[in-house]
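Reader: I am new to this structure and would like a close look at a single part of it. Could you choose one helix and take me through its surroundings with some care?

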Amino acid sequence: GAGGGGGGRAPARRAMAEPLRRRLPLLPLLLLAAGGLRAAERSGGSSSAMEELATEKEAEESHRQDSVSLLTFILLLTLTILTIWLFKHRRVRFLHETGLAMIYGLIVGVILRYGTPSTSGHDKPFSCSQEDRPFTTLLVNVSGKFFEYTLKGEISPGKIHNVEQNDMLRKVTFDPEVFFNILLPPIIFHAGYSLKKRHFFRNLGSILAYAFLGTAVSCFIIGNLMYGVVKLMKLVGQLSDKFYYTDCLLFGAIISATDPVTVLAIFNELHADVDLYAVLFGESVLNDAVAIVLSSSIVAYQPTGENTHAFDAAAFFKSVGVFLGIFSGSFMMGAVTGVVTFTKLHCFPLLETALFFLMSWSTFLLAEACGFTGVVAVLFCGITQAHYTYNNLSVESRSRTKQLFEVLHFLAENFIFSYMGLALFTFQKHIFSPVFIIGAFVAIFLGRAAHIYPLSFLLNLGRRHKISWSFQHMMMFSGLRGAMAFALAIRDTATYSHQMMFSTTLLIVFFTVWIVGGGTTPMLSWLNIRVGVDPDQDPPPTNDNSAQRNRTKQESAWLFRLWYSFDHNYLKPILTHSGPPLTTTLPSWCGLIARCLTSPQVYDNQEQLREEDSDFILNDGDLTVTYGDTTITANGSSGPHTATTNLDSRRTKSSSEEALERDLGAADHEVTSRGTRMLQLSCSAAAALSLKRGT
């Protein structure tokens, strides 16, 4: 029994041991696996730490490159300013500051393009054939970690291996929105804020004709000529992608934006003819606004048929409606924002200046956010604020705002021109076509001539002061292209046609700024245009004093005179501290409303506030003294006494007519000459008194 029992237990033990032996070899594997996991965790932790360290180094390197790129532009501006000082000291006028900035930008662009090595080569194309459109932001899963990528733009298949590998060149290539939202607003606002209203409104009709009709004519002439050039390029096999008629019109709108900053600066230095300066300045200011709205209207042109680039009457009239709607809406937004910019912080000029600055800049962004054009809005905001808000600022804030926007305008403009020179070598999507470039130069010349000479002929039919042939030739010569054309062209470079338009626009800006800007002084001499004239004074008086006194009054547009009467009598007393009290202009039954709306300072200021570009000095004919039967005027003439003197007749004039003559400078004279005239008046009166006593 015992043996049997022992033998029975032995098989049982063997049966239990077999599974144990089969499991024993797994223990070393489990131990190795556990050790491997711990080793993997340790190696994974070390690799993660290495990745974080590499990421920190890349962030630090990116920060350093950002600092170097900004320092590059600051050094460019510094070098430009020092060279400008040298040129002004040596009285060099063959090259303007904007041309200098472009030359320095070209030099730095060459250095960055050919003097710095490529620092990255990790670009690898991935296929997303399942998607039919690009995404603005992509989240890419790389080994379990998600990375965010943003859309930079389209790259043609032929240039897939020519993507920029130099991080430094990528850093100095700015987003086009930087130009529109940061650099353009101070340039455009300064143009409106520093506008000389006297000479502007004297030539208002001509300026509006050149800015609106001229820009539209130039756009369509250039667009149609360039469409013929594109057809020629397709015929000779130099067109490698699509180029539609609407693209040609868009190029016409972009390149029609004139920017004669070089010519105007030389005019200002030489004190060229004030009317020529006013027409050129006014045309360039409004021309930029018209060009950008016109380009928006062309982009909005969308025919309803299968061919989205064929002519469609409905789409055409829709584009016209878009043009009128955008322009009028932007104009109203800018004017209203400028009117409601109230500042009651006279005791704190710093806060007052800061509030004025922020309100001005927010006008541009508000218009863009509402679907309008910020350029138009900020332009008319500047004009409105110069007319109303400027009078309400403290003396210190007036000086600060003028200087602040002048400095911002100077820096922003030279920054853009420096970037133009840089972009010739750093921009990666250049397409230079010799046929298109030559055709563009011919088209802009013909487009400029086609609206300067015919419009001048039509305007001279109704102008008392004719636009001479020398003025017309100078205006034709002064059609430079600059910051606005560049900003419009660089805003959209996604397609083949837009890339070609941008490259051509860049070359046109270079040529006009260097060649045309440098030839301004010789052209003035060749055309015998007078220089050495104070832009704040009228031409020398003629023998007909009454005609000279009413020159501005007669040449001002009747619509402007109608508006000015309403503005002087009703708007200025409400919005500023100048103008007659509403109690004297409104009916008597509106006395309560008039007292509530009139600023208290209007009653305190017996003498109206003078604007910077106005001079409230009476005409020589207005200064008369009567003694007995003799009337003495300021010019020393005397005559028999009449029942009504000039001083009495002045009282019969309406206050708005007096203000119009004063504000528009119908008889502006230097302040220092007032004492001389009054002395002459006193001497004449004394002589007449002695003569009377002697008789």
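Author: A residue counts as buried here when its relative accessible area is under 20%, and as exposed when that value is over 50%. With that cut-off in hand, and keeping in mind that this is a predicted model, we can turn to helix H18, which spans residues 483–490. Eight of the eight residues of H18 are buried, so the helix is largely enclosed by the rest of the structure. Going along the helix, the buried residues are Ala 483, Met 484, Ala 485, Phe 486, Ala 487, Leu 488, Ala 489 and Ile 490.

What do the buried residues of H18 pack against? Their neighbours are helices H5 (176–193), H8 (245–255), H10, H13 (374–387), H15 (395–426) and H19 (496–518).

One residue of the helix, Phe 486, leads us to the largest nonpolar core, which has 129 residues: Phe 486 is listed among those with the most contacts inside it, together with Met 226, Phe 251, Phe 436 and Met 474. The largest share of this core, 13 residues, is supplied by helix H10, residues 274–299, and H10 is also one of the helices against which the buried residues of H18 pack. As a general background, nonpolar side chains in soluble globular proteins tend to be buried together.

Met 474, another of the residues with the most contacts inside the core, can be followed a step further. Leaving aside residues up to four places away in sequence, Met 474 touches Val 263, Phe 267, Leu 276, Thr 520, Met 523, Leu 524, Leu 527 and Ile 529. Asn 528 lies in the loop between helix H20 (520–526) and helix H21 (545–549), and at 68% relative accessibility Asn 528 counts as exposed. Its phi is near 60°, a positive value in a residue other than glycine.

For a contrast with the enclosed helix, consider strand S2, residues 145–150, which is hardly covered, since the count of buried residues among its six residues is zero. S2 runs antiparallel to strand S1 (residues 137–142), and six bridges join the two. Together S1 and S2 form a hairpin with two residues between them, and in the turn Ser 143 has a positive phi of about 55°. A nonpolar surface patch of about 480 Å² is made by Phe 135, Leu 138, Val 140, Val 142, Phe 147 and Tyr 149, and S1 gives the most to this patch, with three residues. Leu 138, placed in S1, counts as partly exposed because its relative accessibility is 41%.

Definitions and conventions:
Residues are numbered from 1 along each chain as its sequence is written. This is a predicted model: local features need pLDDT of at least 70, side-chain atom pairs count only at pLDDT 80 or more; totals for chains, interfaces and linings use all residues. Side-chain values use heavy atoms; hydrogens and water are left out. Buried means under 20% relative accessible area, exposed over 50%, partly exposed in between (1.4 Å probe, protein chains only). Helices (H or I, at least four residues) and strands (E, at least two) are DSSP runs, numbered from the N terminus. Two strands pair if DSSP finds at least two bridges between them. A nonpolar core is a set of buried Ala, Val, Leu, Ile, Met, Phe, Trp, Tyr and Cys residues joined through side-chain atoms within 4.5 Å. Contact means heavy atoms within 4.5 Å. Patches are made of residues with over 30% relative accessible area and no salt bridge: like charges are joined within 9 Å, nonpolar side chains (Val, Leu, Ile, Met, Phe, Trp, Tyr) within 5 Å. Accessible areas come from the Shrake-Rupley method with a 1.4 Å probe; for residues, only the protein chains shown count as cover. A salt bridge is a side-chain nitrogen of Lys or Arg within 4 Å of a carboxyl oxygen of Asp or Glu.
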